[in-house]
Amino acid sequence: MIKFKNYYEILGVTPDSSNAEIKSAYRRLARKYHPDVNPDTAELFKDITEAYTTLINPEKKKQYNMLHGFFETPKTKTTSQKAEQEYKEKTTTPPNREQNIKSSFEKKKDYSEKVFSDKINDIFKEFTKKEQKKKKAEPANGTDITVDITIGIAEALKGTSRTVNVLHTQLCPKCKGRKFINGAKCSDCNGTGEKSEYRKITVKIPAKIKNGAKLRLKGEGNHGQNGGKNGDLYIKIKIEGNSKVKYDGLNVLYNVPITPFEAVLGGEIEVNTLEGNVKLKLPAHTNSGQKFRLSGMGVKQKNKSGDMIITVHIEIPQSLSDDEIKLYEKLKKASSHNIRENLLND
Ligand SMILES: [Zn+2]
């Protein structure tokens, strides 16, 4: 079934508008909605051209008016028009014969009219082809959306959840992506054919998640078009460091405390990290601030992985037993070396 189109409304003219007015309305609209100017208005321009070619042609216009109940307001005729009318009535010239008696000037005008209308028809055909191509186009999948979420170290260890407000793009529900309704910009999407809306999504973040990990929520991305699949939503996890842990790209930097006797005697210590428990061999005489690089023990991403860089600091335990204090006193008496001897001479 062919849908009724109000050609007058499309062109913004009335049944009483002159051909010159119709033409100028068409030109004005063509400048605005010609697909060369705006490829998204091909459908609308098709309607505009259809309206124009009908209303500019007296026969087609008459048929259209009769079919859809439009009327031209009868004009009050001037004396000369009356005379012309009387002459026409007397001669009863059929419309096609009437063409023959037109002046050469009018013939010229008719010719340019025809060229213009042929041009329009060519354009029209091309757009129809373009439109058909567009319609045959594969369904377009929606694009993915990536959202960054920052969590703390404790959350990364225990797992947590976050509610994110994600901006989704979908086809405008009012114009169904056509951008125009009856020749006017769709008021819902302001002629973009798309509408964006925020949707709240609660994301569960599993325990022991790594910095830079990406969680995929299938189908929660932007909406697909023409039956295309929805995109996915990716949640990129960023773990915010604390005083002990810092992230530097794929490298993870740990500040690890060691006891005075571990520093002096060396030995193997166990370090609890987000990347798992790590055994670190301390050499004897380790100093505060000394760095140890554990190659490949940083954040793993695809086939790359960073390093873990451990900086040790000698830390005195907050509470010491009497036995420990006695041992430190003994240590003090036994110590012969002046550690500050070369403070200014070095
Ligand atoms: Zn719309």
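The following paragraphs describe the nonpolar cores, one open sheet and two loop residues of a predicted model.

In the N-terminal helices, the analysis of buried nonpolar residues begins with the largest core, which comprises 16 residues, and within which Leu 11, Ile 22, Tyr 26, Ile 48, Ala 51 and Tyr 52 touch the most other members. At least two residues of this core are supplied by each of helix H1 (7-11), helix H2 (19-33) and helix H3 (42-55), and the greatest contribution, six residues, comes from H3. The contacts of Leu 11 illustrate the arrangement: when residues up to four places away in sequence are not counted, Leu 11 touches Ile 22, Ala 25, Tyr 26 and Leu 29, and also Ile 48, Ala 51, Tyr 52 and Leu 55. Another core, of nine residues, lies apart from the one around Leu 11, and includes Ala 263, Leu 282, Val 299 and Met 308.

Turning to the strands, an open sheet is built from three of them in the order E1-E7-E6, and its pairing is mixed. Strand E1 (145-152) and strand E6 (214-217) stand at the edges of this sheet, and because each has a single partner strand, one side of each is left without a neighbour in the sheet. With direction ignored, neighbouring strands of the sheet are turned by 25° against each other on average. The pairing of E6 with strand E7 (residues 233-240) is antiparallel and consists of four bridges; in this pairing, Lys 214 is found opposite Lys 236 in E7.

Two loop residues were examined for their backbone torsions. Most residues other than glycine have a negative phi. Against this background, Lys 176 has a phi near 55°, a positive value in a residue other than glycine, and Asn 190 likewise has a positive value, with phi near 60°. Lys 176 is placed in the loop between strand E2 (160-171) and strand E3 (180-181), whereas Asn 190 belongs to the loop that lies between strand E4 (184-185) and strand E5 (194-205). As to their surroundings, Lys 176 has 11 other C-beta atoms within 10 Å and is therefore classed as exposed, the criterion for this class being 12 or fewer such atoms. Asn 190, with 12 other C-beta atoms within 10 Å, is therefore exposed as well.

Notes
Residues numbered from 1 in each chain as written. Predicted model: local features only at pLDDT ≥ 70, side-chain atom pairs only at ≥ 80, totals over all residues. Pairing = 2+ DSSP bridges. Axes fitted to C-alpha atoms, helices over the stretch in contact; angles between N-to-C directions. Buried ≥ 20, exposed ≤ 12 C-beta atoms within 10 Å, placed from the backbone. Core = buried A, V, L, I, M, F, W, Y, C linked by C-beta atoms within 7 Å. Contact = placed C-beta atoms within 7 Å.
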